[in-house]
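This report works through a single protein chain, beginning with its overall make-up and ending with the packing of its last helices. Please keep the sequence and the structure in view while reading.

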Amino acid sequence: MARRSVPILRHLLTKPTTPTLAPANPTRSVTYMPRPGDGAPRAVTLIPGDGIGPLVTNAVEQVMDAMHAPVYFETFEVHGDMPKVPNEVIESIKKNKVCLKGGLATPMGGGVSSLNLQLRKELDLYASLVNCVNLPGLVTKHENVDIVVIRENTEGEYSGLEHEVVPGVVESLKFCSERIAKYAFEYAYLNNRKKVTAVHKANIMKLGDGLFLESCREVATKYPGIDYKEIIVDNCCMQLVSKPEQFDVMVTPNLYGNLVANTAAGIAGGTGVMPGGNVGADHAIFEQGASAGNVGNQKILDKKKANPVALLLSSAMMLRHLQFPSFADRLETAVARVILEGKCRTKDLGGQSTTQEVVDGVIAALE
């Protein structure tokens, strides 16, 4: 049984080299049996964001409209230089349960809190998931890369939990929870993944990372069919750039996960094509998987050459999360066909197509 975080991509457009006989009594497979009323359109909170965000979110809107997908968007203007996320945005996400967002610029230093972090904390989106997978047609140095990086999203150094004890002495609070370990193993189990690797620095951070490993080990005992490994983050980075195909699901504390996810995304084909999202018990936000805070540069914006692939694939994840699997399959298939056939290419794909040309190609490839 093939495993895949993005199920359609691996076998897309693969045709048998020899003819096959049709079964005597062919039947149509049933991928999803909805409950009455499941086809009702769902509201999704949309945050276009900063920089290239409005370009790529508009690309998603066009494709959703072309698919007649059963979703509609409630759009809000939010920008990274705001002091906080407006209350009406938080209330919309709490009501709709699902949000799609472009990048929000994060100010450097100066005590200004990241709105990305605010959203994660306010909604308790404790798990970040990034799919780092080779896409057919996209040439990379490594093949057979199929990694899912799951990182704790609300605790640790990267969460912004820090304060100045005395002038010149800054303390960063780091603590771990078993819920991220539970989510990683549950994800692996439900997606037919075979291995979970815990990334840590427990040889130095003996208390915080030691607790993280204890949680992972305890949860691992409940999943005997899944191989459990541990790796120090230093060695992990070296192994990622030399032999990335050895990894399957990776579970990490917050800061390490940000670095590992971006490294894995670069190895698999670039941040512009890797989908991802943030999820908690009640809500989910889907966005570009790696470098989600990257809003592009003015040159890309002026030429309208932002790569929409990552957010389109994140939207497919969103559709599956909303229990619209056939729409997710159609979208993933169309995006993968465009990449495989080389019809629409952006900078990450080795060419200079505009965002709109990619969108037009995906719409034309929809089935």
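## Overall make-up and confidence

Of the 367 residues of the protein, 53% count as buried. The model is a predicted one, and its secondary structure comes to eleven helices and twelve strands. Among contacts between residues at least 6 apart in sequence, 76% join residues at least 24 apart.

The average pLDDT of the protein is 84, and 82% of the residues score at least 70. Two stretches should be read with caution: pLDDT stays under 50 over residues 1–26, for which the model has 41 contacts beyond four places in sequence, and pLDDT likewise stays under 50 over residues 169–176, for which the model has 28 such contacts.

## Helix α9 and a contact from helix α1

Helix α9 covers residues 309–321, 13 residues that reach 18 Å from the first C-alpha to the last, close to the 18 Å expected at 1.5 Å a residue. The helix is mostly covered, with eleven of its 13 residues buried; these are Val 309, Ala 310, Leu 311, Leu 312, Leu 313, Ser 314, Ser 315, Ala 316, Met 317, Met 318 and Leu 319.

One of these buried residues, Leu 311, is also among the residues touched by Thr 57, which has further contacts with Leu 46, Ile 47, Pro 48, Lys 101 and Gly 102 when residues up to four places away in sequence are not counted. Thr 57 is found in helix α1, which spans residues 53–67, and Thr 57 counts as buried because its relative accessibility is 2%, under the 20% cut-off for that class.

## The loops on either side of α9

Which residues in the loops before and after α9 take a positive phi? Lys 304 does so in the loop between α8 (298–303) and α9, with phi near 55 degrees in a residue other than glycine. Gln 323, also a residue other than glycine, has phi near 70 degrees and is found in the loop between α9 and α10.

Accessibility values are available for Gln 323 and for Lys 303, the latter lying in helix α8. They are set out below together with the value for Thr 57.

| Residue | Relative accessibility | Class |
|---|---|---|
| Thr 57 | 2% | buried |
| Gln 323 | 38% | partly exposed |
| Lys 303 | 45% | partly exposed |

Lys 303 also illustrates a link between separate parts of the chain, since Lys 303 and Thr 354 are 51 residues apart in sequence and 7.4 Å apart in space, C-alpha to C-alpha.

## Packing of α10 and α11

How do helices α10 and α11 pack, and at what angle? Helix α10 (residues 325–341) and helix α11 (residues 355–365) are set at an angle of about 120 degrees, and their axes are 8 Å apart. The two helices are therefore oblique to each other, because the angle lies outside the range of 65 to 115 degrees that counts as roughly perpendicular and is not over 145 degrees, as roughly antiparallel would require. The crossing in which α10 passes α11 is right-handed.

The residues that meet across this pair are Leu 331, Ala 334, Val 335, Arg 337 and Val 338 on the α10 side, with Gly 361, Val 362 and Ala 365 on the α11 side.

Definitions and conventions: Residues numbered from 1 in each chain as written. Predicted model: local features only at pLDDT ≥ 70, side-chain atom pairs only at ≥ 80, totals over all residues. Heavy atoms only, no water. pLDDT = per-residue confidence, 0-100. Contact = heavy atoms within 4.5 Å. Helix = DSSP H or I, 4+ residues; strand = E, 2+ residues; numbered from the N terminus. Expected span 1.5 Å × (residues − 1). Buried < 20%, exposed > 50% of the residue type's maximum accessible area, 1.4 Å probe, protein only. Axes fitted to C-alpha atoms, helices over the stretch in contact; angles between N-to-C directions. Parallel < 35°, antiparallel > 145°, perpendicular 65-115°, else oblique. Left-handed = near helix turned anticlockwise from the far one by under 90°.
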